[in-house]
Amino acid sequence: MIQSLKQLSEHYLKMSERDLKALAQNPQQYYNVFIKKQPKPDGRIKLREITEAVGLLKKVHKLILKNILTKIEFPSPPFIGGLKSKDNILNAYFHKGKPYKFCTDLKKFYPHINNKMVYNAFVNYGFSADVASILTKLTTYKGGLIQGGANSTHIAYLALWNTVKEILPICDKKEITFTVYVDDMTFSSSTDFKELSIELRDIIIKNGFFVNHSKTFFTKGKADITGVKVGQNTLNVKDDFREKLNNLEGLSDLQKQGLERYYHRVITYGKN
């Protein structure tokens, strides 16, 4: 990957090395923090604290994403969420027809990925130490990965890469399907692997991530996976989404069309 600050600044970020170093010295001045209402695929609204880059840093973030991070090929599956042309419906689809499911959620996923984890992720992928240091300073805020940052999902996946590489051989050996949809990890199989689910959870924790125990469960049969009801041979929308679909009053034509398209995509995937 990138081995010098000169290469990073001039070739990838289209600025002088001097200006890049100056920006990395005080990137905090280029952030705006606010609360955002985030619609979920099933129609629910979630409040999230968003840290938004502005000005020069926003421009640099776009270049980091376009010229560096999108060039990294994340294996898919397991990585699904936040990648081009891959959504929550596809993530759920991978687990259709597999009755045994283990689901877990990584608590405060982005903020818990600290500076050290981000730096190590870049170095482990092949960036030189000075380049990794600069990229870490540019893409973290108050010691952690940025909530809502343009680059955050890709960098989080880099930080998660070693954990995934440790999990994959176990899943391959036991014929377990494994997907990562941002902070949601889902495992499924045709055979019972409940005892193994503890080992999988412990690997995640051992690597520095925090499991949300209230959203961690093992089940047999139907399950809600990334906003989609997954059955043995079907996919369906959740009940609250169906209620919203049946009560379109007050919504614009564009909103109605969006809901209907989403519904038909879920049902179509369920029939495949």
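Domain bounds here come from an automatic or database domain assignment. The model is predicted. For this chain, the assignment gives domain 1 (5-229) and domain 2 (238-268).

**Domain interface**

The centres of domain 1 and domain 2, taken over C-alpha atoms, are separated by 28 Å. Their contact draws 11 residues from domain 1 and 8 residues from domain 2. About 880 Å² is buried between domain 1 and domain 2. Carbon and sulfur atoms supply 52% of that area.

Charge pairing also appears at this boundary. The rule finds 3 salt bridges across the interface of domain 1 and domain 2. The overall count by this rule is 7 salt bridges. One salt bridge joins the side chains of D87 and R265, at 2.6 Å from N to O. By the domain bounds, D87 falls in domain 1 (5-229) and R265 in domain 2 (238-268).

**Helices α1 and α2**

Helix α1 covers residues 5-12, and helix α2 covers residues 17-25. Their axes come within 9 Å and cross at roughly 100°. Angles of 65 to 115 degrees count as roughly perpendicular, so α1 is roughly perpendicular to α2.

Which residues meet in this pair? From α1 come L5, K6, L8 and S9. They meet E17, L20 and K21 in α2. The residues of the contact divide into 3 nonpolar, 1 polar and 3 charged.

K6 has a second role in the picture. The side chains of K6 and E10 meet in a salt bridge, with an N to O distance of 3.1 Å. Both K6 and E10 lie in helix α1. They sit 4 residues apart, about one turn of the helix. K6 thus takes part in the contact with α2 and in a salt bridge with E10.

**The loop between α3 and α4**

Helix α3 spans 55-67 and α4 spans 88-93. The loop between them holds P77, P78 and S85. Most residues other than glycine have a negative phi, and most peptide bonds are trans. What is the geometry of the bond from S76 to P77? That peptide bond is cis, with omega near -5°. Another cis peptide bond joins P77 and P78, with omega about 15°. P77 therefore takes part in the cis bond from S76 and in the cis bond to P78, as the table sets out.

| Site | Feature | Angle |
|---|---|---|
| S76 to P77 | cis peptide bond | omega near -5° |
| P77 and P78 | cis peptide bond | omega about 15° |
| S85 | positive phi, not a glycine | phi about 65° |

S85 is not a glycine, yet its phi is positive, at about 65°. S85 lies in the loop between α3 and α4.

Note on methods
Residues numbered from 1 in each chain as written. Predicted model: local features only at pLDDT ≥ 70, side-chain atom pairs only at ≥ 80, totals over all residues. Heavy atoms only, no water. Axes fitted to C-alpha atoms, helices over the stretch in contact; angles between N-to-C directions. Helix = DSSP H or I, 4+ residues; strand = E, 2+ residues; numbered from the N terminus. Parallel < 35°, antiparallel > 145°, perpendicular 65-115°, else oblique. Contact = heavy atoms within 4.5 Å. Nonpolar A, V, L, I, M, F, W, Y, C, P; charged D, E, K, R; others polar. Buried area = accessible area lost by both parts, 1.4 Å probe. Salt bridge = Lys/Arg side-chain N within 4 Å of Asp/Glu carboxyl O.
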